[in-house]
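Let's take a walk through this one together, looking at empty spaces and then at where the chains meet. Have the viewer open and follow along.

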Amino acid sequence: MAPTRASAALCALALAGTGLLAGTPRAGAAGGLAVYAAASLTDAFPAIDPSANYSFAGSNALAAQIELGAPADILASANTQIPATLYAKGLVEQPVDFTRNTLVIVVPASNPASIRTVYDLARPGVTIAVASPGVPVGDYARQVLGQMNLSSQVLANVVSEDADVRDVLTQVALGQVDAGFVYATDARTVGGQVKVITVPAWAEPKVTYAMAVVTASPNQRAAKAFVAEVLSRAGQAKLRRYGFLPLRKPAERIAVGPTRHRHK
Amino acid sequence: MRESLTRAELLAAGATAFVAGSVHFWPGGDTRAAAPPSAPGTVPDDDLAYVRLLIAFELLAIDFYGNALRSRRLDQRTSADVRAALANEHAHYAFLAGTIVAAGATPLRAADIDFTYPKDAFYTAASVMQLALELETVGLGAYLGAAGVVVTPALQSTLVRISANEAQHQSTFARLDRKPAFEGAFPQQLTIEEASAALGTYTS
C-alpha cells in the first residue's frame with residue numbers, strides 16, 4: 001500500500017504547486033494583518049485579501065497558539081465552537097459565522113479498496129486517514145460515524161490521525177491510505193488525484209465556519225475591516241468560487257405556492 | 001378513536017411516547033407501548049446502524065407531514081390521515097430514539113438535519129400526496145430491509161410491526177394519490193446503502 005520513497009517524492013513535488021504540503025502552520029506572505037485560519041481556507045482567503053499574513057493549520061492548534069499569546073489579529077475556524085470557547089475566555093471578540101462547508105470522503109483516483117459508500121469504510125483491511133480529535137474536520141468525521149453507528153468498525157481501520165485537513169488530503173492523494181475525511185473544498189484542490197464520495201447528509205453535522213478578532217490585537221480596525229471584507233458580497237462570492245457554501249437563511253427550504261388547491 | 005388530534009394532544013402523546021416507548025394511533029392499532037431493547041450492549045452495532053438510519057427517516061417523515069399540514073392544501077379527510085400518520089411517525093421515532101438512548105448514545109433530533117423537498121412539493125394537495133407516497137415507499141423499503149437483517153429479536157419484531165404501519169400509510173396515500181393501493185406481492189426491501197442514498201435525496 002505505501003508508495004516508495006521516490007514515488008512519494010515525485011507526488012509531493014506535484015502536490016507542492018497546490019499548496020497541499022502541510023506544515024504547522026503554513027504561513028503566507030510576510031507583513032500585514034496576522035490571520036490565523038483553518039487549513040481548509042488555504043486557497044480561498046488569499047484570494048479575498050492577498051495582503052494579509054496567513055497562518056493555516058488545524059483550528060484547534062491555532063486556538064492553542066492564541067491562548068499562549070501568539071500575535072494573531074484574527075482567528076477563522078472551521079467550526080463555531082472553538083471561537084465561542086475563546087470568546088468565553090475573553091481572548092477574542094464576538095465571533096461571526098461566515099461560511100459553510102461539506103464533509104466528504106476522498107479515495108485515491110484508482111480507488112484500490114473499491115470504496116463506494118461510507119459503509120464500505122467498515123470493511124476489515126481498509127486503511128483510513130482522519131484528522132485528530134479536536135481538529136474540526138476530525139470531530140466532524142467522528143460525529144458522522146457516530147450518527148451512523150459505524151464508529152467502532154471504521155475507527156478500527158484508521159491508520160493515520162493527522163494535524164489538519166490538508167494532511168489527510170495529502171495522504172489520500174499520495175495513495176498512502178485507502179480513504180480519508182476532508183471538506184469538499186479541499187477535495188477540489190487536487191482535481192483528478194482523488195475521487196469524492198459523499199457523506200450521507202442525514203448523518204452529517206452542520207459544518208459552519210466562524211471568525212473573530214483577537215482581543216489583544218493591536219490592529220483592531222484593520223482586523224474588523226478584514227472580517228467585513230470576508231462577509232461582503234465580494235468576499236462571499238470568492239468563497240463560493242472555491243466551493244464554500246453560503247450561510248443558510250432560515251426560511252429558504254420550504255416553498256408554498258400562491259394558489260390553493262384542495263385534493264378530493 | 002378520533003381521526004384528529006389537537007397540537008397539544010399530539011405533543012403530549014409524543015412526549016409520553018418518548019419516555020414510555022411506542023404508542024400507535026392508527027385505527028385498530030395496538031396502543032400498548034413497544035419498549036425499546038434495554039441495557040447498553042444488548043443491541044449490536046450493525047443493528048444500531050440501521051436504527052440510526054430509520055431515525056433519520058422518521059425525522060424526515062415528521063418534518064414532511066408537519067409541512068404538509070402547514071401548507072393548508074389538504075382537505076379535512078386527508079388532513080386527518082396525515083395527522084394520524086404524523087402521530088405514528090412520532091411514536092416510531094420515540095421507539096427508535098429510546099433504543100439509541102438505551103444503548104448509551106444520543107439519537108438524532110430534528111434540528112440536526114436540514115430537509116429539502118422538490119420546489120413545488122407543497123403547492124397542491126396532489127403534489128403533497130405524491131411526495132407522501134414516495135416517502136412512505138422509501139420508509140417501507142428501509143424498514144423491511146432492516147427487519148430482514150437485524151439480529152436483536154425484540155428490535156426485529158417491532159420493526160416488522162412498524163413496517164406494517166408504514167405499509168398502511170403507503171396504501172392510504174397511494175389511494176389519495178389515485179395510484180393502486182397495493183402493488184407487488186413482495187414489497188421491495190432496501191439495503192442500508194440504498195436506504196441511505198434514498199434518504200439523501202431529501203436532505204442537504
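The largest cavity holds about 60 Å³ of space. To find it, head for A38(A), A39(A), V135(A), V165(A) and Y183(A), which are the closest to its centre among the 13 residues that line it. Keep in mind as you look that this is a predicted model. The walls of the largest cavity lean on nonpolar residues: nine of them, along with three polar and one charged. A search of the whole structure turns up three cavities of 30 Å³ or more. If you're wondering how such spots come to light, rolling a probe the size of a water molecule over the atoms shows where empty space is left.

Now swing over to chain B for an open space rather than a closed one. The second largest pocket contains about 330 Å³ of space. Its lining is made of 17 residues, and the ones nearest the centre are T137(B), L140(B), Q170(B), E183(B) and P187(B). Two elements of chain B each give two or more residues to that lining: helix 4, running over 125-147, and helix 5, running over 153-176. Which of them gives the largest share of the lining? That would be helix 4 of chain B, with five residues. Sort the pocket's lining by class and you get 10 nonpolar residues, six polar ones and a single charged one.

Next, pull back until you can see both chains, and look at how they touch. On one side, 26 residues of chain A take part, and they are in contact with 39 residues of chain B. Between them the two chains bury about 2,900 Å², and carbon and sulfur atoms account for 49% of that.

What about the polar side of things? Across the interface of chain A and chain B there are nine residue pairs in polar contact, counting pairs where both residues are at pLDDT 80 or more. On chain A's side of the interface, the elements that supply two or more residues are helix 5 (136-147) and helix 6 (151-155) of chain A. By class, the residues on that side come out as nine nonpolar, 10 polar and seven charged.

How many salt bridges cross between chain A and chain B? Just one turns up. The partners are K206(A) and D114(B), and their closest N and O atoms sit 3.4 Å apart. With a cut-off of 4 Å for a salt bridge, the K206(A)–D114(B) pair at 3.4 Å makes the list.

Terms used: Residues are numbered from 1 along each chain as its sequence is written. Chains are lettered from A and ligands numbered from 1 in the order in which they are written. This is a predicted model: local features need pLDDT of at least 70, side-chain atom pairs count only at pLDDT 80 or more; totals for chains, interfaces and linings use all residues. Side-chain values use heavy atoms; hydrogens and water are left out. Contact means heavy atoms within 4.5 Å. Buried area is the accessible area (1.4 Å probe) that two parts lose on being put together, summed over both. A salt bridge is a side-chain nitrogen of Lys or Arg within 4 Å of a carboxyl oxygen of Asp or Glu. A polar contact is a pair of N or O atoms within 3.5 Å; within protein, one must be able to donate a hydrogen and the other to accept it, and residues adjacent in sequence count only if both atoms are side-chain atoms. Helices (H or I, at least four residues) and strands (E, at least two) are DSSP runs, numbered from the N terminus. Ala, Val, Leu, Ile, Met, Phe, Trp, Tyr, Cys and Pro count as nonpolar, Asp, Glu, Lys and Arg as charged, and the others, Gly among them, as polar. On a 1 Å grid over the protein atoms alone, a cavity is a set of points where a 1.4 Å probe fits but cannot get out, and a pocket is an open set with protein on both sides within 12 Å along at least five of seven lines; lining residues have an atom within 4 Å of a point. Grid points are joined across faces, edges and corners, and a volume is the space filled by probe spheres set on the points.
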